[in-house]
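Visitor: Hey, got a minute to walk me through a structure? I'd like the basics and then some details.

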Amino acid sequence: MSGRLMRLYPAGYRAAHGAEIADTHRELTAGLRRVARWRADADLAAHAVRVRLGLDAAAPAGRLLACAAPFVLASGAVVGALELTRWYTALVVSPASASLLLLTLEPGWALHLLGSLLLCVGAVVALTGHRRAGVAAVVCGHLGTVALWPVVGEARGGGAVVPVLALLTALVLLAAPGDLPPEPDTVVAAGVVAGLGWLPVVAVGTGGFAVTTEYGAWPLLVLAGAGLALAVRRGSPGLYELGALLPASLPLAGRAYQDAWQEWPPVLGLLLMLPLALGCAAVVRGVRARRLP
């Protein structure tokens, strides 16, 4: 099996590292049960495809996706939490009893809510160190959005934008190299995005926060602020962080597109917050450089 899997690597890479990879894979899979061996083979095949596409941990694009992955997880968690909150609010304000509404919940909507829950729980699991299980749950949640959109899409404005962005988000997570753990400050910033991205949106109805969410602005603003804080802390000009935040904005852009009544101009205006915020990081870096003797 390993011989066939090794053919997935580019010829040059296979000539330089093929023997070492094959020997290591053979040692790691010796004595494993069939299911565990299949998983190891799948990991080897995924690594080979990443190397071929230039998305492995040694490639700049792979390192960028590894930096983006925590923010992509956090953005998905925000979208899932807002969807669950919307459903719970409708459940509470409905004159019918909660038990009746739960009993009459259509299977498609039940699966959709389960997918939203997977986005939240999976992000927490992945950001707390169990990346494989967490990412798998989040990917299933996004793919569930794609599969169930014919059922729930009409109630969310229809169109193909949201499922397409959900599919792209899942592909970003699958493409990110799993053997390159994110920096601790990146994980902390992503956790802040996951928490602050949805809490004020929920609390705005109580008057606790003076934030307008008519076009889904708040989650994207939190994402931009987290990128700015990360770039300033690292003394970066912000371009690397901008590249990491762009894929993370995909699920939030889909949510904003729903809230903007399927109009792109306000969504594109919101997305401009990302380069503007990280442009501020370049200004801060320039000011710091001038102050140095």
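Guide: Sure, we can go from the overall fold to single residues.

Guide: This is a predicted model, where local features need pLDDT of at least 70, side-chain atom pairs count only at pLDDT 80 or more, and totals for chains, interfaces and linings use all residues. Residues are numbered from 1 along each chain as its sequence is written, and side-chain values use heavy atoms, with hydrogens and water left out.

Visitor: How many helices and strands does the protein have?

Guide: There are 14 helices and zero strands, taken as DSSP runs numbered from the N terminus (H or I, at least four residues, for helices; E, at least two, for strands).

Visitor: And what does the C-alpha trace span along its principal axes?

Guide: About 65 × 65 × 30 Å.

Visitor: What share of the residues is buried?

Guide: Buried residues are 43% of the 293. The cut-offs on relative accessible area are under 20% for buried, over 50% for exposed and partly exposed in between, using a 1.4 Å probe and protein chains only.

Visitor: Switching to helix packing: at what angle do helix 13 and helix 14 pack?

Guide: Helix 13 (residues 264-271) and helix 14 (residues 273-291) pack at about 15 degrees, and their axes are 4 Å apart. Those axes are lines fitted to C-alpha atoms over the stretch in contact, and angles run from 0 to 180 degrees between N-to-C directions. So helix 13 is roughly parallel to helix 14, given that angles under 35 degrees count as roughly parallel.

Visitor: Which residues make the contact?

Guide: G269, L270 and L271 on helix 13, with M273, L274 and P275 on helix 14; contact means heavy atoms within 4.5 Å.

Visitor: OK, cysteines. How many disulfides does the structure hold?

Guide: Zero, where a disulfide is a pair of cysteine sulfur atoms within 2.5 Å.

Visitor: Why is C67 not bonded to C280?

Guide: Because the C67 sulfur is 19 Å from the one in C280, its closest cysteine sulfur, and that's too far for a bond. C67 is also buried, at 8% relative accessible area.

Visitor: What about C140?

Guide: C140 is in no disulfide either, and its nearest cysteine sulfur, in C120, is 15 Å away. C140 counts as partly exposed, at 49% relative accessibility.

Visitor: Last one: is R255 buried or exposed?

Guide: R255 is buried, at 10% relative accessibility, and sits in helix 12 (residues 239-259). Apart from neighbours within four places in sequence, R255 is in contact with V79, L82, E83 and R86.

How values were computed: Angles under 35 degrees count as roughly parallel, over 145 as roughly antiparallel, 65 to 115 as roughly perpendicular and the rest as oblique.
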